[in-house]
Amino acid sequence: MATKHLLASGHTACAGCGQAIAARLVVDAAGSDVIIANSTGCLEVFSNIYPRTAWEVPWIHSLFENPASVASGIEAGLRSLGKLDNVRVIAQGGDGSSADIGFQAISGMFERGHDILYVCYDNGAYMNTGVQRSSQTPFDASTTTTPSGKKSFGKKMPKKDLALIFAAHGIPYSATASVAFPTDVQRKVKRALDIRGPKYLQIFVPCPLGWRHDPALTYDIARLAVETGLFPVIEYRDGELASVRKIDAPKPVEEYLKPQGRFRHLFSAPGGEEEIEKIQAIADANIRKFNMVKERPKKEEKMPELKKFTLEKLAKCDGKEGRPAYVAYKGKVYDVSKNNLWSDGDHMGMHEAGRDLTADMEDAPHGEDNMLDMPVVGELEG
């Protein structure tokens, strides 16, 4: 964590701006040894009004279409000077720049293998130029270019799945996050910057102005997007799904839609109920696809008696040569043998079986849900 905020106060973001919160989390997690290429958009405008800037790190403004190209040049220069081991490069933009105007430049950057983290701040429209739709605008949202009315309920296409598209490029890391979970955002930034090669992170950032919600509800709405299943928080490693943020019991999408003016027509216009059902179906499909709901033992089930493990006994369950793969976490011993993310007792090159992972999990890019879903086989003594 930075000792001071590297996106300083005094910028001109709207009250409750999710993008301003997320950008500060990103740069604070990255630290001062970073160079940022930033596209045109809200973030560029409110943080860098000439001759003043809120950025406390080297920061370069590029056009809508080319922050990835500018960052590629920065990375190539650092590489040629032998300084890439000491300086990290971030390219960033809004969802319009990332998913639409600058998409081909990002794809090229990933295909060439540049050691860059690309961050997309997803507020679901071109907010800076008047709340026009982007390919990240959600289904049935009303914008200035997809207005709701007698013949339309808003945007008719679902969001483009950028995290999956970029994971399909074969890059080492592609993930999503929500500003409602700041620790998760910063862990993912740190994890991504520790990986050499191209990385992608998409952060869900509500926009009170464009979404027409109370600025005090930014965190609540960002959390509801996850808890309804409309915005899965996931990680891909080398093209394979590696982690999913689980939810206890999915909330109905109405709880997410009602506070936002961009969906108000769904609760007043004839046929709105049917449209809400379509949005619920999108959330339900996400929940099934990513297995987002936590699984808990039924109350009537009798839990098996737990074995006692010392660290020495645990070390023998390392998953090698046919041995079971067990790990300890917060005093419990979990069996990870049948989990496809633990190959030969090794998890993504980050964790090894036969160990107490309690301390390691503090720096993991995912929450403890991934561990708690494993079967418990024992307790750690001491």
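**Exercise 1. In which strand does Ser-243 lie? Find out, then look at its surroundings.**

Before we start: this is a predicted model, where local features need pLDDT of at least 70, side-chain atom pairs count only at pLDDT 80 or more, and totals for chains, interfaces and linings use all residues. Residues are numbered from 1 along each chain as its sequence is written, and side-chain values use heavy atoms, with hydrogens and water left out.

Step 1. Ser-243 sits in strand S8, residues 240-244. (Helices, H or I with at least four residues, and strands, E with at least two, are DSSP runs numbered from the N terminus.)

Step 2. Ser-243 has a relative accessible area of 6%, so it's buried. (Buried means under 20% relative accessible area, exposed over 50%, and partly exposed in between, with a 1.4 Å probe and protein chains only.)

Step 3. Its side chain has a polar partner: the side chain of Glu-235, at 2.6 Å. (A polar contact is a pair of N or O atoms within 3.5 Å; within protein, one must be able to donate a hydrogen and the other to accept it, and residues adjacent in sequence count only if both atoms are side-chain atoms.)

**Exercise 2. Check the length of helix H3, then work out where its buried residues point.**

Step 1. H3 covers residues 67-80, which is 14 residues. At 1.5 Å a residue they should span 20 Å, and the end C-alpha atoms are 20 Å apart, so the two agree. (The expected span is 1.5 Å times one less than the number of residues.)

Step 2. List the buried residues of H3: Pro-67, Ala-68, Ala-71, Ser-72, Ile-74, Glu-75 and Leu-78.

Step 3. Look down the axis of H3: these residues fall within an arc of 165°, so they line one face of the helix. (The arc is that of the directions from the helix axis to the C-beta atoms.)

Step 4. What do they pack against? Their partners include strand S1 (34-38), strand S3 (88-94) and helix H5 (103-112). (Contact means heavy atoms within 4.5 Å.)

Step 5. Keep going just past H3, and you'll meet Gly-82 with a positive phi of about 75°.

**Exercise 3. Split the chain into domains and give their separation.**

Step 1. Domain 1 runs over 18-290 and domain 2 over 307-380. (The bounds come from an automatic or database domain assignment.)

Step 2. Now compare centres: the C-alpha centres of domain 1 and domain 2 are 32 Å apart.
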